[in-house]
Amino acid sequence: MSQNHKKTFRFHYLIDKEFQLKFLAHYSLLFISGVLVTLGFLYWLNQSKYDGGAVFRLRQDAQTVYWKIENEDAGPGEAKEKFVPREIYLPNYDHQLNMYTIQFDAVVTLSILYLLLITVFSVFKSHKMAGPVFSIKRSLQRMASGEPIETIRIRKGDEFQELVQVLNEVIQKRVSDGSKK
């Protein structure tokens with residue numbers, strides 16, 4: 001086998017740069033906006049709802065603690081320090097407290113929201129691609145079966161505008177060649 005017939009591999013993955021980069025930009029913007037909204041929401045959550053990120057549930061029952069204070073009224077031979085009882089409400093450490101448990105609900109909720117947004121975005125974006133592909137396929141099937149050929153029509157915002165334009169030129173040439181015969 002000669003070198004000319006050797007199988008070549010494609011290393012250029014950006015074939016239609018304008019389309020592929022626009023497609024990448026749309027999904028990248030969607031992802032970046034999701035990350036920014038998540039970070040903003042988590043910042044708000046930590047700053048407002050939980051007073052700087054600390055989440056504690058206080059006990060309902062007061063605990064008595066003794067504070068050491070200086071005894072200003074102490075006479076000679078008396079202790080210069082005394083202990084005064086005070087009641088305080090201590091944090092309840094009966095629950096697991098870490099960033100995972102604090103922000104789990106927020107992250108899960110936002111992830112579901114972004115999944116829904118990406119799904120909706122994907123349906124609309126794929127519709128702009130699937131519509132022209134369907135029209136092109138239908139026109140080529142008609143051409144192959146010998147039915148009357150019509151120009152391919154797609155909407156203004158659809159993808160593959162250039163491809164449809166080239167195929168319409170081929171169709172017009174075939175129609176004009178067919179009418180000459």
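**Contacts, core and aromatic cluster of a predicted model**

In the protein, 56% of the contacts (heavy atoms within 4.5 Å) with a separation of 6 or more join residues 24 or more positions apart. The structure is a predicted model, in which local features need pLDDT of at least 70 and side-chain atom pairs count only at pLDDT 80 or more, while totals for chains, interfaces and linings use all residues. Residues are numbered from 1 along each chain as its sequence is written, and side-chain values use heavy atoms, with hydrogens and water left out.

The protein has three helices and four strands, taken as DSSP runs (H or I, at least four residues, for helices; E, at least two, for strands) and numbered from the N terminus. Along the sequence, these elements follow the pattern α-β-β-β-β-α-α. Of the 181 residues, 17% count as buried, with buried meaning under 20% relative accessible area, exposed over 50% and partly exposed in between (1.4 Å probe, protein chains only). The accessible surface comes to about 15,100 Å², and 61% of this surface belongs to carbon and sulfur atoms; areas come from the Shrake-Rupley method with a 1.4 Å probe.

Turning to the interior, the largest nonpolar core holds six residues: Ile136, Met143, Ile152, Val164, Leu167 and Ile171. Helix H2 (99–145) and helix H3 (161–180) are the elements that give two or more residues to this core, and H3 provides the largest share, three residues. Such a core is a set of buried Ala, Val, Leu, Ile, Met, Phe, Trp, Tyr and Cys residues joined through side-chain atoms within 4.5 Å. Beyond its neighbours within four places in sequence, Ile171 is in contact with Met143, Ile149, Glu150 and Ile152.

The aromatic residues come next. A search of the whole structure finds two aromatic pairs, where ring centres lie within 6.5 Å and planes under 30 degrees apart count as stacked, over 60 as edge-to-face and the rest as tilted. The Phe23 and Tyr27 pair is tilted because the ring planes stand at 55 degrees, with the centres 5.0 Å apart. Both residues lie in helix H1, four residues apart, about one turn of the helix. Tyr27 also forms an edge-to-face pair with Phe121, at 5.1 Å centre to centre and 90 degrees between the planes. This second pair links distant parts of the chain, 94 residues apart, with Tyr27 in helix H1 and Phe121 in helix H2. Phe23, Tyr27 and Phe121 thus form one aromatic cluster. Phe23 is partly exposed at 27% relative accessibility, as are Tyr27 at 25% and Phe121 at 24%.

Terms used
Rings of Phe, Tyr and Trp (its six-membered ring) pair if their centres lie within 6.5 Å; planes under 30 degrees apart count as stacked, over 60 as edge-to-face and the rest as tilted.
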